[in-house]
Structures are given as C-alpha cells and as structure tokens.
Amino acid sequence: MSHFHEPLPEINAEEFRKVVMSRRSVRRYLPDPVPEAVIQDCLELALLAPNSSNLQPWSFYVVETPEMRKKLAQACMNQNAAKTAPLLFVMVARTDTWKQNSLRVLDVWPEETIPKVVQDYYGRLALFHYNQGPLGLLGLAKRVSGALAGLARAVPRGPYSLSEMRVWAAKSTALACENLMLGLRAHGYDSCPMEGFDEWRVRKLLKIPSDGFVVMVIAAGKRADNGVYHARFRFPLEDVVTRC
C-alpha cells in the first residue's frame, strides 16, 4: 500500500472550474525536481489503469537527465512545458501483447480447469466405447460439445487483429496517462500533455522497440507563476456535443 497519498482538500465547484480551465494552459515549470517517492507512487497509480486483457499493454519512459530532456523537448517542437519541466514521461502502447493475448486460450487447458465429469469420461474412454451404437456416439458428441462450449466461455474475448490491438492498447495507455496526471496533481505537482511531437525522433531517442508506438509525452513539475497563458480557442459547445 502506498504511503505517499495525502487527502485531497475539499474544493467547491467554482474552484474546481478554475483548476480545469488553467490546466490546459500550463506551459512553464519551475526547475525544482520531482521527488523519487512521488514518481514511484504515480507510476504505481498508472499501473492501476483498466485494460482490455490481463496483459499490460503499455510501457513508461521516465526522462530526467538534462541532456535527454533537452533532446526530447526538441522532439516535442520545443514547447515551453517540455523545455522547462524537470521531468518528462513518455507513454508507449505495446502491440506485442497481441501475440501474447492470442495465446491466452492455453490458459484454460490445464487439468484443473476441465470439469471433472469430462476428465472421468475421457479417463474411462477406450476403443470399444466407439462400438456402443448411436447412443454412445451421441453421448460422446454431447460431452465433447459441452466441453468446447465451456472452453469458449472460459476464454476472455481478445483482439482478433493487430489494428484492433493498437486501438485497445492506445485506449488503455490513455487511461494510464490519466491516472499518472491525477497522481501528480494529488501530490501537488502539475502536468501537461504535449500537443504534438515527432514520434520518429522520440522513438529513436529512447530506443523504443518497433512493436510499440508513442501515445503521449507528459511534462511534470511545479508550475511557475507565469506559466498560465491566455484562454485557448475552442469550438462552441453546441458544435461538438450530441445529445441522444
């Protein structure tokens, strides 16, 4: 159990609205480092994000050294948040889990997962059982079909293509990003996802394997007083919301 969490102070709706409105505009940070205990705790929170399989479909890269942060900031188009943040997180969705996910069918084959009635039947099965006439064959078919139906129900639904796994991994990684940013805020630190970055340069810089793709780069640290800029352009609410 984590020992780093502190109860969040109660805030009213207007205070919360101000926080939400300012978060999107954070672009500059103080050079103060983020404590290792906070980093570790926030990463553990990120790991609690739900995903579509029993496998972890993401990876984290924590960029702390000044030289590496400078190179990564350049890959993020030199955005102020990336240039000034003492810490950068890179969230990568892994597609290699698709291959592992397709093997999960083997998880239901161990002996303890097969119903005892089926184990007993096949334990007694001998060649002469096939000569018991139509009823014997029907009984065998019934037991086999029942076992196969139970097997189908036991196997969790998984992605059936690499493109589907990419979508699942991206969604799960986005949830992990959210947990990470909420954890930073709970510890009193601010976070800012990059609006754009050169994925090829980020991948090359961090030596990210080809079976993963960068979903998000997140800057983290203590927000500077002059870090909040003007309100940002957005489309009218009625143009982007459909009520059903």
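A nonpolar core is a set of buried Ala, Val, Leu, Ile, Met, Phe, Trp, Tyr and Cys residues joined through side-chain atoms within 4.5 Å. With that in hand, we can walk through this predicted model from its cores outwards.

**Cores**

The largest nonpolar core has 22 residues, and Leu72, Val90, Met194 and Val202 are the ones with the most contacts inside it. Five elements each give two or more residues to this core: helix 3 (66-75), helix 4 (80-84), strand 2 (87-94), helix 9 (199-206) and strand 4 (212-221). A second, separate core holds 19 residues, including Val34, Ile39, Trp58 and Ala176. As general background, nonpolar side chains in soluble globular proteins tend to be buried together.

Methionine 194 deserves a closer look. Once its neighbours within four places in sequence are set aside, methionine 194 is in contact with Cys76, Gln79, Ala81, Ala82, Met216, Val217 and Ala219.

**Strands**

Strand 4 pairs with two other strands, as the table shows.

| Strand pair | Sense | Bridges | A bridge pair |
|---|---|---|---|
| Strand 2 and strand 4 | antiparallel | eight | valine 92 with valine 214 |
| Strand 3 and strand 4 | antiparallel | four | cysteine 192 with alanine 219 |

Alanine 219 thus appears twice in this account: it is the bridge partner of cysteine 192, and alanine 219 is also one of the residues in contact with methionine 194. How much of strand 4 is buried? Eight of its 10 residues are, so strand 4 is largely enclosed by the rest of the structure.

**Helix 8 and the loop after it**

Methionine 181 lies in helix 8. Its relative accessible area is 14%, below the 20% cut-off, so methionine 181 counts as buried. The C-alpha atoms of methionine 181 and alanine 46 are separated by 8.6 Å, although the two residues are 135 residues apart along the chain.

Just beyond, histidine 187 sits in the loop between helix 8 (162-186) and strand 3 (190-193). Is histidine 187 buried or exposed? At 17% relative accessibility, histidine 187 is buried, because the limit for that class is 20%. What does its side chain make a polar contact with? The partner is the side chain of aspartate 41, at 2.8 Å.

**The protein as a whole**

The protein has 10 helices and four strands, which run α-α-β-α-α-β-α-α-α-α-β-α-β-α from the N terminus on. Of its 244 residues, 34% are buried. Among contacts between residues at least 6 apart in sequence, 81% join residues at least 24 apart. The exposed area is about 15800 Å², with carbon and sulfur atoms supplying 59% of it.

**Where to trust the model**

The mean pLDDT is 76, and 64% of the residues reach 70 or more. Confidence is highest in helix 3, at a mean of 96, and lowest in helix 5 (residues 97-102), at 58. Helix 3 is also among the elements that give two or more residues to the largest core. Residues 103-109 have a pLDDT below 50, and this stretch has 12 contacts in the model beyond near neighbours in sequence. Over residues 126-134 the pLDDT likewise stays under 50, and the model has four contacts for them beyond four places in sequence.

Notes:
Residues numbered from 1 in each chain as written. Predicted model: local features only at pLDDT ≥ 70, side-chain atom pairs only at ≥ 80, totals over all residues. Heavy atoms only, no water. Buried < 20%, exposed > 50% of the residue type's maximum accessible area, 1.4 Å probe, protein only. Polar contact = N/O pair within 3.5 Å; in protein donor to acceptor, adjacent residues only side chain to side chain. Contact = heavy atoms within 4.5 Å. Pairing = 2+ DSSP bridges. pLDDT = per-residue confidence, 0-100. Areas by Shrake-Rupley, 256 points an atom, 1.4 Å probe, with all protein chains shown as cover.
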